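Thanks for coming. I will go through the side-chain contacts, then a pocket, then a few backbone details.

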Amino acid sequence: LKVIAIDEQLRVIYEDNVHFDKDLPEFKTQGGVYIQSDRLTVTSPVLMWVKALDMILEKMKSSGFNFSQVRALSGAGQQHGSVYWKKGSNQILKNASSELPLHQSLKGCFSVSDSPIWMDSSTASQCRALEKALGGAQHLASVTGSRAYERFTGNQIAKIYSQSPEVYKQTERISLVSSFAASLFLGTYAPIDYSDGSGMNLLQIWEKAWSKPCLDACAPGLEERLGCPVPSHSVLGPISPYYSQRYGFSPDCKVVAFTGDNPASLAGMRLQEGDIAISLGTSDTLFLWIQEPTPALEGHILCNPVDSQTYMALLCFKNGSLMRERIRDDCASGSWDEFSKALSSTVAGNTGNLGFYFDVMEITPEAVGIHRFNRDNQKVV
């Protein structure tokens, strides 16, 4: 979890972070996640995220950060992950006592304690069912911007509904990670924004409304659990009194809709039409601003967070920095300096030797495992 504060000249005046594995060891995550024995199911404990927010705000407070000067806040969350609020949770969120850290007030609020996240690949059967219900993968892509992907939220919701109908029944609201984080600041359920909502296989990207056939194919009563989507730059309202009382935020501080990490990158990079950006993060992504998209079976089309009338195209590669860090640890004693020396000691192109390293099932191409080839295109074990 990272925080950055900027002034009106966009100068950075504060930044800090909380490292899930190191700073919150009680949750026993690796890379901030739990990977189940099937290697397909990947989740994160939702209370870890809440506790990380408590921790980072306390760090800011103890460093003397002046919260009263904050005029507005917004944020970005990893795309596709989902949070399931138990019935009655909105009242608990609204009435959270400023005497307590938020994670203590909210510990009983989630019907699913471990949130499915973007690395999850366990919903193949739900994807097939959704594509079938919509008349095929291409038709689903034409409506929602993407064919059915296992990490996409609609398929994750369908899995929870089919495997744990009682859990789904107890759920009054489903948030994306971004709208969940916004809800914590708003003190009530925050809406899902168009851009992050485009990564769910549920939103009609042209009409900016939920697709009834997609909702019906995933779970009953889903529309009321999702709420109405909003433009990504919407001002949602003032910050919850909890933060004014506990940290000294101005009651006039505005909460702007949170969005997904990839749309936020497009906004933060100030991309314009014709620009292409590559982001080497936990997942690696390539994205661009696009005026008239043609959704296909590979890649994704999302609503543009900056201009709701245009779109962004995105390619995502799941095995990103976590994979690179593992190879660094295995081959360079955990040191980027050693890694760089090894890299620069070989010629560009590695004399034709090539390796693909996929710890988890990749998106494009759909493959897993380590695949190495020599210059003669022979597999190297």
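The structure holds 20 aromatic pairs. Keep in mind throughout that this is a predicted model.

I will take one pair to begin with. W85 and F110 form a tilted pair, with 5.0 Å between the ring centres and 50° between the planes. The two residues are 25 apart in the chain, and the pair links distant parts of it. W85 belongs to strand 7, residues 82-86, while F110 is in the loop between helix 4 (102-106) and strand 8 (114-116). Are these two rings buried or exposed? W85 has a relative accessible area of 0%, so it is buried. F110 is at 8%, and therefore counts as buried too.

The next pair is F356 with F358. This one is also classed as tilted, at 6.3 Å centre to centre and 35° between the planes. The cut-off for pairing is 6.5 Å between centres, so a separation of 6.3 Å qualifies. F356 is partly exposed, with 36% relative accessibility, whereas F358 is buried at 11%.

Some of the rings join into a cluster. Ring pairs connect Y14, F65, F67, F185, Y242, Y243, Y247, F249 and F258.

There is also a tyrosine with charges over its face. Which residues lie over Y149? R147 does, at 4.2 Å from the ring centre. R151 lies over the face of Y149 as well, at 5.3 Å from the ring centre.

On to the cysteines. How many disulfides does the structure hold? The count is zero. Take C218 as a case. The cysteine sulfur closest to that of C218 is in C214, at 6.8 Å, and a disulfide needs the two sulfurs within 2.5 Å, so the separation is too far for a bond. C218 is buried, at 5% relative accessible area. C253 is buried as well, at 1%.

C214 itself sits in helix 11, residues 212-218. It is buried, with a relative accessible area of 0%. Its C-alpha atom is 9.3 Å from that of V143, and the two residues are 71 apart along the chain.

A second contact of this sort involves A141, in helix 6, residues 137-144. A141 has a relative accessible area of 0% and is buried. What separates the C-alpha atoms of A141 and I301? The distance is 8.5 Å, for residues 160 apart along the chain.

Now the pocket. I will cover the second largest one, which has about 930 Å³ of space. Its lining has 26 residues, and those closest to the pocket centre are I327, F339, L343, G355 and Y357. Which elements each supply at least two residues of that lining? They are helix 15 (321-331), helix 16 (336-344), strand 19 (354-358) and strand 20 (369-373). Strand 19 gives the largest share, with five residues. By residue type, the lining of the second largest pocket divides into 15 nonpolar, eight polar and three charged.

The loop that runs between strand 19 and strand 20 contains P365. The peptide bond from T364 to P365 is cis, with omega near 0°.

That leads to the backbone. Why pick out a cis bond or a positive phi? Because most peptide bonds are trans, and most residues other than glycine have a negative phi.

Two residues come up on the phi side. H80 has a phi near 80°, a positive value in a residue other than glycine. H80 is placed in the loop between strand 6 (76-77) and strand 7. R270 has a phi near 55°, again positive and again in a residue other than glycine. The loop holding R270 is between helix 14 (261-268) and strand 15 (276-280).

Where do these two stand on burial, buried or exposed? H80 is buried, with a relative accessible area of 6%. R270 counts as exposed, because its relative accessibility is 70% and the threshold is over 50%.

To recap the counts, there are 20 aromatic pairs and zero disulfides, and the second largest pocket is lined by 26 residues. That is the end of my part.

How values were computed:
Residues are numbered from 1 along each chain as its sequence is written. Side-chain values use heavy atoms; hydrogens and water are left out. Rings of Phe, Tyr and Trp (its six-membered ring) pair if their centres lie within 6.5 Å; planes under 30 degrees apart count as stacked, over 60 as edge-to-face and the rest as tilted. Helices (H or I, at least four residues) and strands (E, at least two) are DSSP runs, numbered from the N terminus. Buried means under 20% relative accessible area, exposed over 50%, partly exposed in between (1.4 Å probe, protein chains only). A charge sits over a ring if NZ of Lys or CZ of Arg is within 6 Å of the ring centre and within 35 degrees of the ring normal. On a 1 Å grid over the protein atoms alone, a cavity is a set of points where a 1.4 Å probe fits but cannot get out, and a pocket is an open set with protein on both sides within 12 Å along at least five of seven lines; lining residues have an atom within 4 Å of a point. Grid points are joined across faces, edges and corners, and a volume is the space filled by probe spheres set on the points. Ala, Val, Leu, Ile, Met, Phe, Trp, Tyr, Cys and Pro count as nonpolar, Asp, Glu, Lys and Arg as charged, and the others, Gly among them, as polar.
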